[in-house]
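Biologist: Could you take me through one part of this model at close range? I would like to see how a strand sits among its partners.

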Amino acid sequence: MQQWIDICALDDIRPLGSRVVDRGPHVAVALFRSGEGKVFALLDQCPHKRGPLSQGLVVGEQVACPLHNWHIGLENGCATAPDEGCTPRFSVRLDGGRVYLDQDELKNYALHPKWQVEPEKYVTQFVLYPAI
Ligand code: FES
């Protein structure tokens with residue numbers, strides 16, 4: 001059964017904007033909001049050369065990576081053809097104007113290899129930034 005963590009208010013993410021959920025030593029999770037108010041969560045790392053997707057431009061339901069302009073689908077985390085590759089996506093729940101992420105996914109998905117042995121030891125809190 002999923003355990004949801006309250007991350008922020010929907011209004012904390014501006015339309016066509018993004019925020020970052022810090023995971024300590026692990027690669028952060030980027031939250032994106034579409035113009036229609038849908039929210040998506042991807043590992044904040046481009047499948048090409050690890051560009052910070054949270055700093056990209058949201059267009060429709062894609063984000064353009066700031067490094068080499070690959071377009072990554074927000075729904076599936078995959079690059080649009082002819083580019084290839086996917087970045088991990090995280091489940092998002094919207095409820096009552098709040099944004100929730102799955103606790104288990106935050107603690108276990110796409111961890112930095114250096115820290116995979118004892119993830120519980122290092123993932124102690126989630127910090128949303130930039131500060132509101
Ligand atoms: S790192 Fe994202 S397009 Fe190259």
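Modeller: Happy to; what follows is a close look at strand 10 and its partners, then a short visit to another sheet. Please keep in mind that this is a predicted model.

Strand 10 covers residues 98-102. On one side, strand 1 (residues 4-9) pairs with strand 10 in the antiparallel sense, over five bridges. Strand 9 (residues 92-95) is also joined to strand 10, here by four bridges, and these two strands run antiparallel as well. Leu101 is a handy residue to centre your view on: Ile5 stands opposite Leu101, and so does Val92.

Now look at the side chains. In a regular strand they alternate between the two faces of the sheet. In strand 10, Val99 and Leu101 make up the covered face, while Arg98, Tyr100 and Asp102 make up the uncovered one.

Next, follow the chain through the turn. Strand 9 and strand 10 form a hairpin with two residues between the strands. Gly96 takes a positive phi there, near 60°.

For the other sheet, move to strands 5, 6 and 7. These three strands form an open sheet in the order 5-6-7, with antiparallel pairing. Strand 5 (57-59) and strand 7 (71-73) are the edge strands, each pairing on one side only. From one strand to the next, the twist averages 30°. Strand 5 is joined to strand 6 (residues 62-64) by three bridges, and within that pairing Val58 has Val63 as its bridge partner.

Technical notes:
Residues are numbered from 1 along each chain as its sequence is written. This is a predicted model: local features need pLDDT of at least 70, side-chain atom pairs count only at pLDDT 80 or more; totals for chains, interfaces and linings use all residues. Two strands pair if DSSP finds at least two bridges between them. Axes are lines fitted to C-alpha atoms, for helices over the stretch in contact, and angles run from 0 to 180 degrees between N-to-C directions. A residue is buried if 20 or more other C-beta atoms lie within 10 Å of its own, exposed if 12 or fewer, and partly exposed in between; C-beta atoms are placed from the backbone.
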